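Student: I would like a close look at a single part of this model, with the rest of the protein brought in afterwards to give that part its setting.

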Amino acid sequence: VLLEERLRHALQHSEFEIYYQPLFSTMDRRLRGFEALLRLRDDDGYLVPPDVFIPVAEEMGLITAVGEWVLNEATAFAQGWPGDLTVAVNLSAIQFETGRLVETVRNALEASDLTPSRLELEITESLLIKDPANVLGQLLELRSLGARIALDDFGTGYSSLSYLWKFPFDKLKIDRSFMLELEDADGKPREILKTIVALCRTLNLSVTAEGVETNEQLAALRELQCDQSQGFLLGRPMPASQIPSFMMSIS
Ligand code: G
Ligand code: G
Ligand code: MN
Ligand code: NA
């Protein structure tokens, strides 16, 4: 069947799934939370990657409903996690165009009873270019609900440093392309990363490295005192059902 039909069917029949990837504090490797990553299982049981179906869901206008489902599901699930573990949800630009995003987030927080500061909303730089004033207004409202805002995939695309003071971010996530360059111990990427971490300190932003795949990369991030780390080395995205045993295995 066509992907479009598949998406509509999946939404009606709750066939989307959320995988969760853990985030750790870099220095002591303590679990800090998870990022919710949407998955779609096709008729043959294979997972369709989000890079394939999210653009289609955006074009169809279906991403609003799907995004609402992810927010409700992820906050309800995270409410049952121990301590102050966070849950991060990725937002699409389309969700900022509907005028309903703030309401949707408020509803998810109320229905789940999750402490709002445990919800992180991830946005990408491309969103900020389109309609900055409108996005800024909504980010401020989301923040006044108590949610945290993370700038995702930082350092790629059209990064502008002015975003860092024009928008109310709590966290910056360094794109995983930086990790590939890190092993060269005295190279320029490492110096740039060091500067980004220092900049985050100055701006009072928490900083996370994405795409950590090797112990060498983790060691470099420790040296740089990057706050949090995420990547296949530390934990792959996993279905919700695996989270209890994952938590046991690392405690
Ligand atoms: O999980 P994976 O690394 O394959 O994700 C690929 C892309 O899909 C990432 O850019 C991620 O931000 C995006 N993505 C994953 N889940 C969601 C979601 O629930 N909503 C939106 N808008 N994007 C998502
Ligand atoms: O754009 P965003 O950061 O939301 O995308 C997260 C995506 O990155 C997910 O699809 C996830 O599967 C992927 N990812 C997470 N950790 C790693 C990693 O260590 N290496 C690679 N190659 N991809 C990763
Ligand atoms: Mn993300
Ligand atoms: Na990212």
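Student: Between which helix and which strand is the loop in which Gln225 is found?

Tutor: Gln225 is found in the loop that runs between helix H10 (215-224) and strand E9 (228-229). The model is a predicted one, and in it the backbone at Gln225 takes a positive phi of about 60°, although the residue is not a glycine. Because 13 other C-beta atoms lie within 10 Å, Gln225 counts as partly exposed.

A second residue invites comparison with this loop. Arg29, also not a glycine, has a positive phi near 55°, and Arg29 sits in the loop between strand E1 (16-25) and strand E2. Arg29 counts as exposed because its C-beta neighbours inside 10 Å number 12. A positive phi is found at a glycine as well, namely Gly61, which follows just after helix H2 with a value of about 80°.

That leads to H2 itself, whose buried residues are Phe53, Ile54 and Ala57. Seen down the helix axis, these buried residues fall within an arc of 105°, so they line one face of H2. Such a pattern has a simple geometric background: an α-helix has 3.6 residues a turn, so residues three or four places apart point the same way. The cover over the buried residues of H2 includes helix H1 (3-12), E2, strand E3 (47-48) and helix H3, while the face turned away from the buried side carries the exposed residues Asp51, Val52, Pro55 and Glu59.

H2 also takes part in the surroundings of ligand 1, and gives the most to that shell, with 3 residues. The residues around ligand 1 are Leu37, Leu38, Pro49, Pro50, Asp51, Ile54, Gly67, Val70, Asn90, Leu91, Ser92 and Pro237. Two or more of these residues come from each of strand E2 (31-41), helix H2 (50-60) and helix H3. By class, the shell around ligand 1 has 8 nonpolar, 3 polar and 1 charged residues.

Ligand 2 has a shell of another make-up, with 4 nonpolar, 5 polar and 5 charged residues. Of the 14 residues around ligand 2, those that come nearest are Gly211, Glu213, Gly231, Phe232 and Pro237. Pro237 is thus listed both around ligand 1 and around ligand 2.

Val70, one of the residues around ligand 1, leads on to the interior of the protein. Leaving aside neighbours within four places in sequence, Ala36 is in contact with Val70, as well as with Ile18, Tyr20, Ala74, Val87, Ala88 and Val89. Ala36 and Val89 are the members that touch the most others in the largest nonpolar core, which holds 58 residues. The largest share of this core, 6 residues, comes from helix H3 (residues 63-78).

Finally, the whole protein gives these parts their setting. Its secondary structure comes to 11 helices and 10 strands, and 34% of its 251 residues count as buried. Of the contacts with a separation of 6 or more, 63% join residues 24 or more positions apart. The C-alpha atoms fill a box of roughly 50 × 45 × 35 Å, taken along the principal axes. A compact globule of 251 residues would have a radius of gyration near 18 Å, and the protein agrees with that expectation because its own value is 18 Å.

Terms used:
Residues are numbered from 1 along each chain as its sequence is written. Chains are lettered from A and ligands numbered from 1 in the order in which they are written. This is a predicted model: local features need pLDDT of at least 70, side-chain atom pairs count only at pLDDT 80 or more; totals for chains, interfaces and linings use all residues. Helices (H or I, at least four residues) and strands (E, at least two) are DSSP runs, numbered from the N terminus. The radius of gyration is taken over C-alpha atoms; the globule rule is 2.2 Å times the number of residues to the power 0.38. A residue is buried if 20 or more other C-beta atoms lie within 10 Å of its own, exposed if 12 or fewer, and partly exposed in between; C-beta atoms are placed from the backbone. Two residues are in contact if their C-beta atoms, placed from the backbone, lie within 7 Å. A residue is near a molecule or strand if its C-beta atom, placed from the backbone, lies within 6 Å of it. Ala, Val, Leu, Ile, Met, Phe, Trp, Tyr, Cys and Pro count as nonpolar, Asp, Glu, Lys and Arg as charged, and the others, Gly among them, as polar. A nonpolar core is a set of buried Ala, Val, Leu, Ile, Met, Phe, Trp, Tyr and Cys residues joined through C-beta atoms within 7 Å. The arc is that of the directions from the helix axis to the C-beta atoms.
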